[in-house]
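Please work through the exercises below with the structure open beside the text. Each task is followed by a solution set out in steps.

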Amino acid sequence: MRTLITLGLLAVLISAAAALEQPGLLRADAAAALGAGELSGGRKHNDEQDKRPNIIFILTDDQDAVMGGDWHMPKLRRHLANEGINFTSYITNFALCCPSRSTILAGQCSHNSGVVGVGGDKQIMNPLGGFQRFNDMGMERKTVAYHLQQAGYRTGLVGKYLNGYTRQTAFHVPPGWDRWFGIGEIDYYNWTASDNGVNVEFGDRDEDYSTDVLTEKGVEFIHQYEQDRRPFFL
Ligand SMILES: *[C@@H]1O[C@H](CO)[C@@H](O)[C@H](O)[C@H]1NC(C)=O
Ligand SMILES: *[C@@H]1O[C@H](CO)[C@@H](O)[C@H](O)[C@H]1NC(C)=O
């Protein structure tokens, strides 16, 4: 089974929905992308296997392509950006975190999704933004994951969901996700995540470093399902 990898920079939004319409979009070795050894080789083909591609969508934040924000991530640039497609004419409809994330998840512009603020954080609380707003607007049943799951995909999220999704909301696993590892309190150390609805806490030992933990969880998902008959979306 082919693995399709798409990369989104919040500065240069690429929506997963667009990726679905463009099968050739961006392909690279998943291993290289995740820095994790060989993943794509050796897949057995049999007639019963679902021919649809696995999809890995990687969202990296705060990287302005024009200002060269991705210079700090040479592997990302080498394995994904250099071998892929840049959507140089793409214009975001709302250059703000939560509205953009909502658009990526559900493919709707902000004036349709109704998520028009950042929300969540106490300092910048905006009732028209954040995870709660996304939920209130019924958007959780409009996400790419929800529809792919309905279409037979196994779906997983590892990493940040939306502002305002916290330790307190960790019990909530949005519909459409088979595997859920959503960040609650965000940081490199002393952070929390919802592990399929159960709040888990990380400290400040080396092995608690969030970037590494998230990589492990992502790679674990890929290894677990790479030989599965059902395609996956991570
Ligand atoms: C896309 O843009 C990045 C950053 O400007 C650049 O490094 C990369 O080579 C470009 N990729 C392609 C396929 O043009
Ligand atoms: C993590 O939390 C502990 C307990 O509150 C604190 O002592 C420690 O300094 C924190 N570590 C970091 C890296 O913030």
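The exercises concern a predicted model, and they go from the whole chain to single residues, ring pairs and ligands.

**Exercise 1. The chain as a whole**

Determine how many helices and strands the protein has, and what share of its residues count as buried.

*Solution.* Step 1: the secondary structure consists of 8 helices and 7 strands. Step 2: a residue counts as buried under 20% relative accessible area. Of the 234 residues, 47% count as buried. Step 3: the accessible surface of the protein is about 12,100 Å², and 51% of this surface belongs to carbon and sulfur atoms. Step 4: among contacts with a separation of 6 or more, 56% are made by residues 24 or more positions apart.

**Exercise 2. The surroundings of Tyr153**

Establish where Tyr153 lies, whether it is buried or exposed, and which residues it touches.

*Solution.* Step 1: Tyr153 sits in the loop between α7 (144-150) and β3 (154-159). Step 2: its relative accessible area is 4%. This value is under 20%, so Tyr153 is buried. Step 3: with residues up to four places away in sequence left out, Tyr153 touches Arg52, Pro53, Ile55, Leu148, Asp178, Arg230, Pro231, Phe232 and Phe233. Step 4: one of these residues, Pro53, has its backbone oxygen 2.6 Å from a polar atom of the Tyr153 side chain. Step 5: Phe232 is 79 residues from Tyr153 in sequence, yet the two C-alpha atoms are 5.2 Å apart in space.

**Exercise 3. Thr169 and its loop**

Describe the position of Thr169, its accessibility and its contacts.

*Solution.* Step 1: Thr169 belongs to the loop between β3 and β4 (179-183). Step 2: with a relative accessible area of 14%, Thr169 is buried. Step 3: the side chain of Thr169 reaches the backbone nitrogen of Thr166 at 2.8 Å. Step 4: apart from neighbours within four places in sequence, Thr169 is in contact with Phe131 and Gly164.

**Exercise 4. Aromatic pairs**

Classify the pair formed by Phe131 and Tyr165, and state which parts of the chain it ties together.

*Solution.* Step 1: the count of aromatic pairs comes to 15. Step 2: the ring centres of Phe131 and Tyr165 are 5.3 Å apart and the planes stand at 85°. An angle over 60 degrees counts as edge-to-face, so this pair is edge-to-face. Step 3: Phe131 lies in helix α6 (residues 130-136) and Tyr165 in the loop between β3 and β4, so the pair ties together parts 34 residues apart in sequence. Step 4: Phe131 is buried at 3% relative accessibility, and Tyr165 is buried at 3%.

Apply the reasoning to Phe181 and Phe202.

*Solution.* Step 1: the centres are 6.5 Å apart with 70° between the planes, and the pair is edge-to-face. Step 2: Phe181 is in strand β4 and Phe202 in the loop between β6 (198-201) and α8 (210-225), with their positions 21 residues apart in sequence. Step 3: Phe181 is buried with a relative accessible area of 0%, and Phe202 is buried with 18%.

Ring pairs also link Phe131, Phe134, Tyr161, Tyr165, Trp177, Trp180 and Phe233 into a cluster.

**Exercise 5. The buried face of a helix**

Explain why the buried residues of α3 line one face of the helix.

*Solution.* Step 1: in helix α3 (residues 74-81), Leu76, His79 and Leu80 are buried. Step 2: seen down the axis of α3, the buried residues fall within an arc of 90°, so they line one face.

**Exercise 6. The two ligands**

Identify which residues surround ligand 1 and how much of its accessible area the protein covers.

*Solution.* Step 1: Asp70, Arg77, Ala81, Asn82, Gly84 and Asn86 surround ligand 1. Step 2: polar side-chain atoms lie 3.4 Å from a ligand oxygen in the case of Arg77, and 2.8 Å from a ligand oxygen in the case of Asn82. A nitrogen atom of ligand 1 is 2.9 Å from a polar backbone atom of Ala81. Step 3: the protein covers 61% of the 360 Å² of accessible area that ligand 1 has on its own.

Carry out the analysis for ligand 2.

*Solution.* Step 1: ligand 2 is surrounded by Tyr189, Asn190 and Asp204. Step 2: a polar side-chain atom of Asn190 is 2.2 Å from an oxygen atom of ligand 2, and an N or O atom in the Asp204 side chain is 2.8 Å from a nitrogen atom of ligand 2. Step 3: the protein covers 27% of the 360 Å² that ligand 2 has accessible on its own.

How values were computed: Residues numbered from 1 in each chain as written. Chains lettered and ligands numbered in written order. Predicted model: local features only at pLDDT ≥ 70, side-chain atom pairs only at ≥ 80, totals over all residues. Heavy atoms only, no water. Near = heavy atom within 4 Å. Polar contact = N/O pair within 3.5 Å; in protein donor to acceptor, adjacent residues only side chain to side chain. Areas by Shrake-Rupley, 256 points an atom, 1.4 Å probe, with all protein chains shown as cover. Helix = DSSP H or I, 4+ residues; strand = E, 2+ residues; numbered from the N terminus. Buried < 20%, exposed > 50% of the residue type's maximum accessible area, 1.4 Å probe, protein only. Contact = heavy atoms within 4.5 Å. Phe/Tyr/Trp six-rings, centres within 6.5 Å; stacked < 30°, edge-to-face > 60°. Arc of directions from axis to C-beta.
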